[in-house]
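Subject: Structure for you to look at

Hello,

I am handing over the structure we talked about, with my notes on what I found in it. Please read the notes with the structure open.

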Amino acid sequence: MNLQFLLKVAITVVIVVCASLLARRTGWIGALVASLPLTSLLVLVWLYSDTRDPVQVADLAMGIFWFVLGSLPFFVVLALGLRQGWPPVAAFVAAALTGFAGVTLVQWLLVRSTG
């Protein structure tokens with residue numbers, strides 16, 4: 001493994017761990033950090049640094065945009081399920097299935113519209 005790869009992994013891990021730790025102390029700050037498009041930003045920066053291709057980065061940015069929209073129902077189903085007293089495992093499974101369905105729908109719409 002090269003140093004650049006290890007640096008990418010370290011930065012990514014630090015951001016995820018920080019969001020998790022902040023969520024334990026002050027929920028809204030953890031939510032803020034987790035909701036920031038930090039992962040997307042990192043992926044876009046890593047892609048640009050690896051390829052120097054702005055068109056590829058722009059295409060990825062638009063793809064991320066559409067899939068984020070499709071994944072938003074995940075959070076609604078998870079929050080509603082937990083607030084309704086569902087067992088956490090059931091709420092997470094329902095949310096994951098909903099998120100998967102949303103992302104699948106977005107993928108289907110994108111393929112259909114370009115197709």
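The helices named below are DSSP runs of H or I, at least four residues long, numbered from the N terminus. With that numbering, arginine 52 sits in the loop between H3 and H4. The model is a predicted one.

I start with that loop. Arginine 52 has a phi near 55°, which is a positive value in a residue other than glycine. Most residues other than glycine have a negative phi, so this residue may be worth a look on your screen. Arginine 52 is exposed, because its relative accessible area of 56% is over the 50% cut-off. Next along, a side-chain oxygen of aspartate 53 comes to within 3.1 Å of the backbone nitrogen of valine 55, at the start of H4.

Helix H4 covers residues 54–83. Its 30 residues, at 1.5 Å a residue, should span 44 Å, and the C-alpha atoms at its ends are 43 Å apart, so the two values agree. H4 nevertheless has a kink of about 30° at leucine 69, shortly before proline 73. Which residues of H4 are buried? They are Val57, Gly70, Leu78 and Gly81. The cover over these buried residues includes helix H3 (38–51) and helix H5 (88–114). Just after H4, glycine 85 takes a positive phi of about 90°.

On the H5 side, valine 106 is a residue of helix H5. Valine 106 is buried, since its relative accessible area is 12% and the limit for buried is under 20%. Neighbours within four places in sequence aside, valine 106 is in contact with Trp66, Phe67 and Gly70. Gly70 is also one of the buried residues of H4. From valine 106 to proline 54 the C-alpha distance is 24 Å, with their positions 52 residues apart in sequence.

Tryptophan 108 is in helix H5 as well. At 48% relative accessibility, tryptophan 108 counts as partly exposed. Its C-alpha atom is 31 Å from that of glutamine 84, and the two residues are 24 apart along the chain.

Now the other end of the chain. Helix H1 takes in residues 3–25, lysine 8 among them. H1 and H3 pack at an angle of about 170°, and their axes are 11 Å apart. H1 is therefore roughly antiparallel to H3, as the angle is over the 145 degrees needed for that term. On the H1 side the contact is made by Gln4, Lys8, Ile11, Thr12 and Ile15, and on the H3 side by Leu38, Leu42, Trp46, Ser49 and Asp50.

Is lysine 8 buried or exposed? Lysine 8 is buried, because its relative accessible area is 14%, under the 20% limit. Not counting residues up to four places away in sequence, lysine 8 touches Trp46 and Asp50, and both of these belong to the H3 side of the contact.

Last, isoleucine 29 lies in helix H2, which is made up of residues 27–35. With 28% relative accessibility, isoleucine 29 counts as partly exposed. The C-alpha atoms of isoleucine 29 and valine 89 are separated by 24 Å, and these residues are 60 apart along the chain.

Regards

Notes
Residues are numbered from 1 along each chain as its sequence is written. This is a predicted model: local features need pLDDT of at least 70, side-chain atom pairs count only at pLDDT 80 or more; totals for chains, interfaces and linings use all residues. Side-chain values use heavy atoms; hydrogens and water are left out. Helices (H or I, at least four residues) and strands (E, at least two) are DSSP runs, numbered from the N terminus. Buried means under 20% relative accessible area, exposed over 50%, partly exposed in between (1.4 Å probe, protein chains only). Contact means heavy atoms within 4.5 Å. The expected span of a helix is 1.5 Å times one less than its number of residues. The bend at a residue is the angle between axes fitted to the seven residues ending there and the seven starting there. A polar contact is a pair of N or O atoms within 3.5 Å; within protein, one must be able to donate a hydrogen and the other to accept it, and residues adjacent in sequence count only if both atoms are side-chain atoms. Axes are lines fitted to C-alpha atoms, for helices over the stretch in contact, and angles run from 0 to 180 degrees between N-to-C directions. Angles under 35 degrees count as roughly parallel, over 145 as roughly antiparallel, 65 to 115 as roughly perpendicular and the rest as oblique.
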